[in-house]
Amino acid sequence: AIVELDKVQSEYPSSKWVPYAVHNQAAAYLKLGDTARATQLLEDLVKNYPLSPAAESARTRLKQLKGG
């Protein structure tokens with residue numbers, strides 16, 4: 001799933017679905033126990049797509065991951 005979600009970003013970089021793909025990638029990394037990679041993806045999502053609904057969810061998830 002992570003590879004397929006990465007394809008969304010590389011093949012359709014201006015798609016409105018990219019922020020959701022990044023968010024889902026982060027969720028997949030969390031399920032695999034890779035909190036560092038998930039955190040990086042969520043931070044990138046907030047930075048690159050700050051107004052997307054996925055970014056709002058990412059902010060919430062980052063607060064949880066950082067103990068806030």
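Let me start with the contacts in this protein chain: of those with a separation of 6 or more, 32% are between residues 24 or more positions apart. This is a predicted model, so please hear everything that follows in that light.

First, the overall layout. The protein chain has four helices and zero strands, and reading along the sequence gives α-α-α-α. The radius of gyration is 11 Å, close to the 11 Å that the globule rule gives for 68 residues, so the chain is as compact as a globular protein of that length. If you put a box around the C-alpha atoms along the principal axes, the box comes out at roughly 35 × 25 × 15 Å. Of the 68 residues, 34% are buried.

Now the helix pairs. I will go through three of them, and α2 takes part in each, starting with α1 and α2, then α2 and α3, then α2 and α4.

Helix α1 covers residues 2-11, and its axis comes within 9 Å of the axis of α2, with a crossing angle of roughly 155 degrees. The two helices are therefore roughly antiparallel to each other. The crossing of α1 past α2 is left-handed. On the α1 side the residues that meet α2 are Ile-2, Leu-5, Asp-6, Val-8 and Gln-9, and on the α2 side they are Val-18, Ala-21, Val-22, Asn-24, Gln-25, Ala-28 and Tyr-29. By class, that contact has eight nonpolar residues, three polar and one charged.

Next, α2 and α3. Helix α2 is residues 18-31 and helix α3 is residues 35-48; their axes come within 8 Å and cross at roughly 165 degrees. That angle makes α2 roughly antiparallel to α3. Here too α2 passes its partner, α3, in a left-handed crossing. From α2 the contact takes in Pro-19, Val-22, His-23, Gln-25, Ala-26, Tyr-29 and Leu-30, and from α3 it takes in Thr-35, Arg-37, Ala-38, Leu-41, Leu-42 and Leu-45. Those residues divide into nine nonpolar, three polar and one charged.

The third pair is α2 with α4. Helix α4 runs over residues 53-65, and its axis comes within 9 Å of that of α2, crossing at roughly 25 degrees. Which way does α2 run relative to α4, parallel or antiparallel? An angle under 35 degrees counts as roughly parallel, and that makes α2 roughly parallel to α4. The crossing of these two is left-handed. Pro-19, Tyr-20, His-23 and Leu-30 of α2 make the contact with Pro-53, Ala-54, Ser-57, Ala-58, Arg-61 and Leu-65 of α4. The class count for this contact is seven nonpolar, two polar and one charged.

With the helices in place, I will turn to single residues.

Leu-45 lies in helix α3. Is Leu-45 buried or exposed? It is buried, with a relative accessible area of 0%. Leaving out residues up to four places away in sequence, Leu-45 touches Pro-19, Val-22, His-23, Pro-50, Ser-52, Ala-54, Ala-55 and Ala-58. Pro-19, Val-22 and His-23 you have already heard as residues of α2 that meet α3, and Ala-54 and Ala-58 were named on the α4 side of the contact with α2. For one of these partners I also have a distance: Val-22 is 23 residues from Leu-45 along the chain, and their C-alpha atoms are separated by 6.7 Å.

Leu-62 is found in helix α4. This residue is buried, at a relative accessible area of 10%. Not counting residues up to four places away in sequence, Leu-62 touches Thr-39, Leu-42, Glu-43 and Val-46. Against Trp-17, the figures for Leu-62 are 45 residues apart in sequence and 20 Å apart in space, C-alpha to C-alpha.

One of the partners of Leu-62 is Thr-39, so let me finish there, as Thr-39 is buried too, with a relative accessible area of 15%. Thr-39 is found in helix α3. Which residues does Thr-39 touch, not counting those up to four places away in sequence? They are Leu-62, Leu-65 and Lys-66. Leu-65 also appeared earlier, on the α4 side of the contact with α2.

Methods
Residues are numbered from 1 along each chain as its sequence is written. This is a predicted model: local features need pLDDT of at least 70, side-chain atom pairs count only at pLDDT 80 or more; totals for chains, interfaces and linings use all residues. Side-chain values use heavy atoms; hydrogens and water are left out. Axes are lines fitted to C-alpha atoms, for helices over the stretch in contact, and angles run from 0 to 180 degrees between N-to-C directions. Angles under 35 degrees count as roughly parallel, over 145 as roughly antiparallel, 65 to 115 as roughly perpendicular and the rest as oblique. A crossing is left-handed if the near helix is turned anticlockwise from the far one by less than a right angle, and right-handed if clockwise. Contact means heavy atoms within 4.5 Å. Ala, Val, Leu, Ile, Met, Phe, Trp, Tyr, Cys and Pro count as nonpolar, Asp, Glu, Lys and Arg as charged, and the others, Gly among them, as polar. The radius of gyration is taken over C-alpha atoms; the globule rule is 2.2 Å times the number of residues to the power 0.38. Buried means under 20% relative accessible area, exposed over 50%, partly exposed in between (1.4 Å probe, protein chains only).
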